[in-house]
Amino acid sequence: MFLSRLVMTAKQFSTSAVASFPKLKTHSGTKKRWRALSNGKFKRAHAAHAHLNVAKRPGRKNALCQTAYSSGAQTPTLKKLMPYA
């Protein structure tokens with residue numbers, strides 16, 4: 001009984017939880033739309049590919065089907081919006 005009380009007291013006064021910085025929040029809209037790659041860039045899908053495809057020419061539909069990658073200017077912003085990606 002004394003040993004279990006000692007273990008519980010040690011858990012309450014842990015210094016590792018006190019010394020950590022506040023957690024950063026991931027932007028919800030960004031995490032729904034972008035995926036992180038191992039090389040540090042991000043990828044996403046094009047919009048406007050799911051409906052109203054009769055009026056679109058085939059080349060445009062094929063281009064909308066392709067994966068889009070983050071540009072050099074977008075990547076630092078996306079890293080701030082998704083700090084743990």
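Here are two short exercises on a three-stranded sheet and on Ser70 in a predicted model.

Residues are numbered from 1 along each chain as its sequence is written, and side-chain values use heavy atoms, leaving out hydrogens and water. In this predicted model, local features need pLDDT of at least 70 and side-chain atom pairs count only at pLDDT 80 or more, while totals for chains, interfaces and linings use all residues.

**Exercise 1.** Work out the strand order of the open sheet and how its strands pair.

Step 1. Strands (E, at least two residues) and helices (H or I, at least four) are DSSP runs, numbered from the N terminus; two strands pair if DSSP finds at least two bridges between them.

Step 2. Strand 1 and strand 2 (residues 42-45) are antiparallel, with two bridges. Here Ala36 lies opposite Phe42, and Arg35 opposite Lys43.

Step 3. These strands make a hairpin with five residues in between, and Gly40 in its turn has a positive phi of about 100 degrees.

Step 4. Strand 2 is joined to strand 3 by three bridges, also antiparallel; Ala45 faces Thr67 there.

Step 5. The order is therefore 1-2-3. Strand 1 (35-36) and strand 3 are at the edges, each with a single partner strand, so one side of each lacks a neighbour in the sheet.

**Exercise 2.** Place Ser70 and describe its surroundings.

Step 1. Ser70 sits in the loop between strand 3 (67-69) and helix 5 (74-81).

Step 2. Ser70 is buried because its relative accessibility is 3% (buried is under 20%, exposed over 50%, partly exposed in between; 1.4 Å probe, protein chains only).

Step 3. Not counting residues up to four places away in sequence, Ser70 touches Trp34, Lys41, Phe42, Thr75 and Leu78 (heavy atoms within 4.5 Å).
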